[in-house]
Every structure is written in C-alpha cells, then in structure tokens.
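I sat down with this structure and kept a short notebook as I went. Here are my entries, in the order I made them.

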Amino acid sequence: MKRRLLCAMMVCFGLGVTVNTVQGQDIHFSQYNQAPLMLNPALAGVNGGDFRFVANYKSQWANIGKFNTFAASYDMAVFRKTVRSNFGGIGLSFFSDRAGDLGLSTNQANLNLSYTVLLNHKGTQTLTGGIMGGFGSRSINLSKLTTDSQFGDQGYNPNLPTGENIVSTNKLFADIGAGLLWNYTKDNNTNFYGGFAVSHLNQPNLSLTGNRNEKLFIKITIHGGSHFALSKQLYLLPNLMILNQGPHWEYNFGSLLKIKKSTMPNEKTAFYIGASYRVKDALIFAGRIDIGGFNIGLSYDLNISKLTPASNMNGGPEISFIYAGNWPNKKKSVTYCPML
C-alpha cells in the first residue's frame, strides 16, 4: 500500500494532473546527450554529417508501477553550399511517455529548425540558433481508478463515483521552444561546447481537471561538455546539465572514458564507460559503443532519492541508438557538431 501511495503521489506531483493547482515537470533521459532534439532544438542538423536518426527507450521503477518512455527523431543539415559555410538544420522528433497503473500518457511531435553561423574562416567555432514547435496530447485511463469514496460497508463498489474532479480524459496542447549552441572544435581530438534552451514558452495547459491555472512551467536547460585526449587511444568526455522548471531544479554531471580500438587517426570504432550523478536522485552508470556511423548506449539509474523505500534503490535501464551518415556519392562534411 505504501508503494502504491508513493507511486500515485509521484505521478500526480511530477506530471501535474492533481486536482490542485500543481504545475508539472518534463520527462527526461539519463543519457540526455543521446536525445539531442529533446535537449536543445539548436542541435537539429548539427550532427557532423548529412543526417541522423535517434531512438531512445527508458523503463523505471518497475516494482512500483509502469513507467516507460520512448522517443525518436530524425534531423539533417540543409543549405550547406560548401564544407566551410553557414548552414541550416531541420528535424522531426516524437516522444511517448506512460506513467503509473492508470496509464497517464503524454505524446508529442515536434518540428525543429536551426541555423549555424561559422564564427571564423576555418569553421572551427560555430554558433547555432534553433526553434521548436509541436503538438501533443495527454490522456488517462480512469477504468482502473479506485478511490476511498468507492469503498463502503459492503466493500468496494465500482459503480460509486470516484469523487475526483477530472473533467476530461484527454487534453490537446501546443508547445514552442528555442535554444542556442556554441561549439569549438580545435581538431579531431579536442572539442568544447555549451548550450542554452528554453522550453514551453507558451506555457501549455495540460490539466485534465479544467483548471486554467494549471500550466506547464517554462523550462530552462543549460548544458555543456568537452572531448579531449588523455593518450592516443584514451579520451575524456566530461558533461553537465542543469534544469530549472518553476520551483524544481535538477543538476547532472559526470564523464565518459572513451577507448578507441586503435591509434589510427581515422579509427571510428570506440568503447565508452562512465558514470554521472543526478544530485539527490540517482547514480547513473553508462556504457556505449561506436561502430562506423552507429552508436549504441546503455545506462542504469541507481535510485538514491526519497523514493528509495518504495523503489528499493531500483531506478531504470535505458537504451539509446544513433545512426549518423552522409548521402551517397557525396564528400563527407566537416564535423561541426559537439563530440557528445
């Protein structure tokens, strides 16, 4: 019973569908660099090639409820006249999130547009601006809902009213956001980047209770990192992300150690291992492998938050898949992208 109560409280507070005026927080991936268009719309088309396909899946807190998130995106560079010229980017992204036994679902599709300006003639330093617009829906399955008002002297009676002030089981909304990205690539081994994004500029109302004041807080994302060599085969990739959404703050920092298969300059096969810390919430252990244009990442959240009594420290596994490439019969583009 305690686990179910904690689960219900977490769903209501974290996702903003209570009968009170509570504003929600977004879903997020632990491998946030592996979900670029969800991190910052300025990353659309900034992928070191011509196109990129991304898929992400996360499952968490399986012992207290069903919490699953899936996301996918496709983005590509456009209007690139030469390998050293300004260019645009376009991307489509989609995510679906299902939370709790009541099947609280959020689905959203977005269009991302960006434009990258070279800050020097070598193209080693760039500044990218991006915008995002999309539509989404939020729904809940009330057929599985049971409340105290449905229990009487004869026990549970599903025909009794729930007493909950839910006026609609489905809510449609529009969403807009914007972002900036600075990137400096000294050479094939050294890279620094930093980004800033603002989400939910229109503060969409996702309430299922008809409360006009129950709007989604504007979210501010600050992220950055670097890639530099420790030796001819070892590289360090420190990274950080800070989120603010209304009264809620989230701090993430960590690093990956990259091990290349060989010392050859053009060697693309590499293995990564590392960890990060989401402050007061989870320790995240991660691994990744790059083979050609393919990138596959695995991570696991070890929960250390106040949810621990219910979760038994079980967080959630997460998997990511990225494929980036170039169009056939076309010379490979210069790598403008951050080495995430």
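**Entry 1: an aromatic patch**

I started with Phe321, which counts as partly exposed at 28% relative accessibility (buried means under 20% relative accessible area, exposed over 50%, partly exposed in between, with a 1.4 Å probe and protein chains only). Before going on, I noted that this is a predicted model, where local features need pLDDT of at least 70 and side-chain atom pairs count only at pLDDT 80 or more, while totals for chains, interfaces and linings use all residues. I also noted that residues are numbered from 1 along each chain as its sequence is written, and that side-chain values use heavy atoms, with hydrogens and water left out.

Then I looked up the ring pairs and found eight aromatic pairs (rings of Phe, Tyr and Trp, the last by its six-membered ring, pair if their centres lie within 6.5 Å; planes under 30 degrees apart count as stacked, over 60 as edge-to-face and the rest as tilted). One of them joins Phe294 and Phe321, a tilted pair at 5.9 Å centre to centre with 50° between the planes. Phe294 sits in strand β15 (residues 294-303) and Phe321 in strand β16 (residues 314-325), 27 residues apart, and the pair links distant parts of the chain (helices, H or I of at least four residues, and strands, E of at least two, are DSSP runs numbered from the N terminus).

Phe294 has a second partner: its ring centre is 4.6 Å from that of Tyr323 and the planes are at 40°, so I logged this pair as tilted too. Because Phe294 lies in β15 and Tyr323 in β16, the pair ties together parts that are 29 residues apart in sequence. Phe294 is partly exposed at 43% relative accessibility, and Tyr323 is partly exposed at 30%. I wrote down one aromatic cluster made of Phe51, Phe53, Tyr74, Phe294, Phe321, Tyr323 and Trp327.

**Entry 2: charges over rings**

Next I checked for charges over rings (NZ of Lys or CZ of Arg within 6 Å of the ring centre and within 35 degrees of the ring normal). Arg288 has its charged end over the ring of Tyr272, 3.9 Å from the centre. Lys258 lies over the face of Tyr235, at 5.2 Å from the ring centre.

**Entry 3: strand pairing**

I followed the strands from β1 (strands pair if DSSP finds at least two bridges between them). Strand β1 (residues 51-60) runs antiparallel to β2 (residues 67-78), with 10 bridges; Arg52 has Asp75 as its bridge partner in β2. β2 also pairs with β3 (residues 87-99), antiparallel over 12 bridges, and Val78 is matched with Gly88 in β3.

**Entry 4: buried spots**

Is His200 buried or exposed? I found His200 buried, with a relative accessible area of 5%, in the loop between β9 (191-199) and β10 (219-229). Beyond neighbours within four places in sequence, His200 is in contact (heavy atoms within 4.5 Å) with residues including Asp26, Asp175, Phe217 and Gln245.

I then looked up the largest nonpolar core (buried Ala, Val, Leu, Ile, Met, Phe, Trp, Tyr and Cys residues joined through side-chain atoms within 4.5 Å). That core has nine residues, among them Tyr32, Leu39, Met241 and Cys337. Tyr32 touches Leu39, Asn239, Leu240, Met241 and Asn252, leaving out residues up to four places away in sequence.

**Entry 5: the whole chain**

To close, I noted three helices and 16 strands. Buried residues make up 49% of the 340 residues in the protein chain.
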